[in-house]
Structure formats: C-alpha cells, structure tokens
Amino acid sequence: MRAILCKTLGTVDALALEDLPSPSPGPDQVKIAVHACGLNFADTLIIQGKYQTKPEPPFSPGMEIAGEIMACGAEVATLRPGDRVMAVLSYGGFSEEVIAPASAVVALPAGMDFVTAAGFPVAYGTSHLALTHRARLQAGENLLVHGAGGGVGLTAVEIGKQLGATVIASAGGPDKLDVAAAHGADHLIDYTREDIRERVKDLGGADVVYDPVGGSAFDASLRCINWEGRILAIGFASGKIPQPPANILLVKNCAVIGLYWGAYLWRNPPLMHQSLSDLLDWYAQGRLRPHVSRTYPLEQAKTALEYLMARRSTGKLVLTMR
Ligand SMILES: NC(=O)c1ccc[n+]([C@@H]2O[C@H](COP(=O)([O-])OP(=O)(O)OC[C@H]3O[C@@H](n4cnc5c(N)ncnc54)[C@H](OP(=O)(O)O)[C@@H]3O)[C@@H](O)[C@H]2O)c1
C-alpha cells in the first residue's frame with residue numbers, strides 16, 4: 001500500500017510517496033481501506049513539529065479518513081468488514097490503508113459519500129462541542145465567527161445557525177464571505193476593509209466568539225465581547241497566540257474558553273460519539289451542507305497542503321485514494 005510519509009520535520013518538501021507493507025489490526029483495532037482523507041491546518045503544523053502531537057519521522061500526516069473496513073481485531077464486536085466508516089486519527093491518514101482503534105470509528109449514514117465523510121468529523125465535531133458543550137451558545141445570542149470561510153470556521157457558521165444564533169462571519173475577502181453567506185451567515189465582515197470591533201458593536205456585540213485565528217482577530221474579539229460573553233480559543237492560524245489581559249476579562253465579566261477536540265477521544269469518548277451522532281443526524285436531515293471545495297489525489301498531497309497554507313481554500317480540502 002502507498003502512503004505519504006513525512007521523513008524529516010520541516011516543509012512539505014520533506015513529504016514523499018512510499019510503498020509500505022500492509023498493516024495488521026490489534027485485538028481492539030480495525031484495518032480500513034482509505035478512500036479519502038480530510039486535510040486540516042494541523043497537518044501543516046505536525047509536519048513542522050509544531051503541533052501538540054509530535055510523532056517521530058517517518059510518519060504519515062492525516063487526522064480524519066473515510067473508507068471501508070477490511071479486517072477487525074478479535075475483540076471488535078460492533079464493526080464488520082465491508083462497513084463504510086469514518087475515523088479520527090492522531091495522524092496517519094495520508095495512506096491507502098490505516099489501523100484505527102474501534103472506538104475512533106463511526107459508521108457512515110446511507111447516502112454520505114467518502115469525500116464528504118473524510119472532511120466531516122474534525123471540523124463539525126470541533127465546532128459542535130465548542131459551541132454546545134463549552135460555550136453553551138443559546139438561541140438568540142450573537143455568534144461572531146473568525147476565519148468563517150475556512151475548515152472549522154464554516155462549520156461554526158452552520159452549527160451556530162442550527163442552534164438559533166445570529167451569526168456574524170468575519171473573513172478576508174469576498175470569496176470566503178460568499179461561502180459563509182451561502183452557509184447561513186446573517187452578517188458579513190471583510191476584515192481587510194472593515195473594523196471588526198466597530199461592525200460587531202453596531203450589530204449588538206458578540207455573546208460568543210469562535211476564534212480559530214488568534215492574533216488581531218482575538219484582540220478585536222475582546223473589544224466587542226458582551227457582558228458574560230464567551231470567547232472560544234479554537235486555534236491560532238495567524239501564528240500569534242493571544243495573551244488575554246485578565247483586567248479586561250474582569251471588567252467585562254467574560255471568559256476565554258479553550259477547546260482541544262481530539263482529546264475527547266480518550267478523555268470522554270461517549271461525549272464525542274454522541275456529538276458526532278447528533279451531527280450525522282443533522283446531516284441526514286439536510287440541516288448541514290458540508291463544503292469540500294477541492295479534492296486532490298494522494299500523490300498531490302504536497303500541492304494540497306501548499307494550497308491550504310496559502311489561505312486559498314474555502315471549507316475543506318480532501319485527498320482521494322481510490
Ligand atoms: N482546538 C481544536 O480542537 C481544533 C480543531 C480543529 C482545528 N483547530 C485549529 O483551527 C485553526 C483553523 O483550522 P482549519 O483546518 O479550519 O484551517 P483553514 O481551513 O486553513 O482555515 C484557517 C482560516 O484562518 C484564517 N487565517 C488567518 N490568518 C491566517 C494565516 N496566517 N494562515 C492561514 N490562515 C489564516 C484564514 O481565513 P482568512 O483568510 O479569511 O483570514 C483561513 O480560512 C487551526 O489553528 C487549527 O489548528 C483546532
């Protein structure tokens with residue numbers, strides 16, 4: 001089987017397509033024939049050694065896949081060869097075959113294709129647990145979403161609407177904002193031309209902020225957050241990690257709330273499974289419309305990652321294997 005390997009930490013130039021022996025599942029694991037793998041910003045970090053998970057090279061990047069089960073370990077009772085599934089991985093998805101613990105695998109609903117499924121769990125799962133479990137977003141509240149045309153941002157727009165919030169989308173330029181609008185955003189802010197703080201204040205301030213960007217987006221959030229508001233620290237795509245001043249948190253009675261979605265895999269698997277199950281129900285009911293803007297064959301993983309890093313993508317990018 002073929003896999004893209006990161007052979008030394010650094011740039012995408014250290015990625016190479018290699019032939020590897022087919023892996024075998026352990027007792028509580030399954031082996032999956034991968035049809036597609038979703039790309040994430042975290043893939044660009046893990047190959048540089050800048051992500052919280054730091055595997056030793058050589059390793060394959062890729063944190064979410066969809067495909068068909070080829071074999072199951074002796075202790076796996078709920079899955080069978082031939083099942084169509086998605087799986088969440090620490091890494092390893094840029095590969096034609098993967099081994100995953102059965103606990104990280106979810107069956108696909110009828111009608112969900114592999115490309116859609118591969119780009120689904122990380123972005124929707126992150127936004128769902130962030131907005132429900134962590135920020136307790138309420139119907140009627142104002143939700144400000146930064147990076148609203150990107151992978152996680154766009155799902156926060158959709159889920160915010162499903163939860164009854166008024167969604168204010170912020171992104172860099174009309175193309176990304178058009179996508180956010182098509183996915184339900186009520187108000188659009190092009191931060192390259194408009195002041196986020198002024199626009200959001202004119203709209204009544206933000207009760208919840210979903211921030212996968214950090215840097216100046218986070219600073220603007222602190223300036224337009226409402227009394228008892230919640231700022232979700234989702235990521236730092238800008239490269240700048242915010243240092244929130246406690247005096248502003250105090251006088252505004254607001255909270256900065258962190259979220260590390262992948263950790264629910266081992267810290268609270270039932271919560272993660274329930275969240276994904278709710279999301280797949282919404283998908284089956286037509287309430288979510290996943291946006292995969294581009295697909296690339298496995299051997300073009302480097303081109304796909306470069307496209308993501310150049311901030312040109314909207315929604316998700318997905319690698320295809322078969
Ligand atoms: N906490 C968690 O559990 C969790 C889970 C998933 C993802 N994340 C994090 O969320 C962030 C976004 O991930 P993603 O997969 O959605 O990425 P993405 O699709 O590339 O979206 C990132 C967005 O950030 C904005 N951005 C601002 N400055 C940027 C810069 N210097 N470089 C790149 N993008 C920049 C871009 O929007 P504009 O061009 O409109 O500014 C872009 O659309 C990452 O930091 C990721 O690690 C965290």
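**Ligand surroundings, sheet and domains**

In this predicted model, the ligand is surrounded by 29 residues, and the closest of these are Phe41, Gly150, Gly151, Gly235 and Trp261. Three helices each give two or more residues to this shell, namely helix H1 (41-46), helix H3 (121-134) and helix H4 (151-162). The largest share comes from H4, which supplies 3 residues to the shell around the ligand. When the residues of the shell are sorted by class, 14 are nonpolar, 13 are polar and 2 are charged. The shell also draws on two domains, with at least three residues taken from each of domain 1 (2-120 + 290-320) and domain 2 (123-262).

The model contains an open sheet of 6 strands, in which the order is E10-E9-E8-E11-E12-E13 and the pairing is parallel. Strand E10 (187-190) and strand E13 (255-258) stand at the edges of this sheet, and because each has a single partner strand, one side of each is left without a neighbour in the sheet. From one strand to the next, the twist averages 20°. At one of these edges, E10 pairs with strand E9 (residues 166-171) in the parallel sense, over 4 bridges. Within this pair of strands, Ser170 has Ile189 in E10 as its bridge partner.

Helices pack on the sheet as well, and H4, already described as a contributor to the shell around the ligand, is one of the helices that do so. H4 touches strand E8 (142-145), E9 and strand E11 (206-211), and the direction of H4 makes about 170° with that of E8. Helix H7 (residues 215-224) likewise packs on the sheet, where its contacts are with E8, E11 and strand E12 (225-233). For H7, the angle of about 170° is formed with the direction of E11.

At the level of the whole protein chain, the division is into domain 1, which is made up of residues 2-120 together with 290-320, and domain 2, which covers residues 123-262. The C-alpha centres of domain 1 and domain 2 lie 28 Å apart. The contact between these domains takes 8 residues from domain 1 and 11 residues from domain 2. On the side of domain 1 that touches domain 2, the residues are divided by class into 2 nonpolar, 5 polar and 1 charged.

Methods. Residues are numbered from 1 along each chain as its sequence is written. This is a predicted model: local features need pLDDT of at least 70, side-chain atom pairs count only at pLDDT 80 or more; totals for chains, interfaces and linings use all residues. A residue is near a molecule or strand if its C-beta atom, placed from the backbone, lies within 6 Å of it. Ala, Val, Leu, Ile, Met, Phe, Trp, Tyr, Cys and Pro count as nonpolar, Asp, Glu, Lys and Arg as charged, and the others, Gly among them, as polar. Domain bounds come from an automatic or database domain assignment. Two strands pair if DSSP finds at least two bridges between them. Axes are lines fitted to C-alpha atoms, for helices over the stretch in contact, and angles run from 0 to 180 degrees between N-to-C directions. Two residues are in contact if their C-beta atoms, placed from the backbone, lie within 7 Å.
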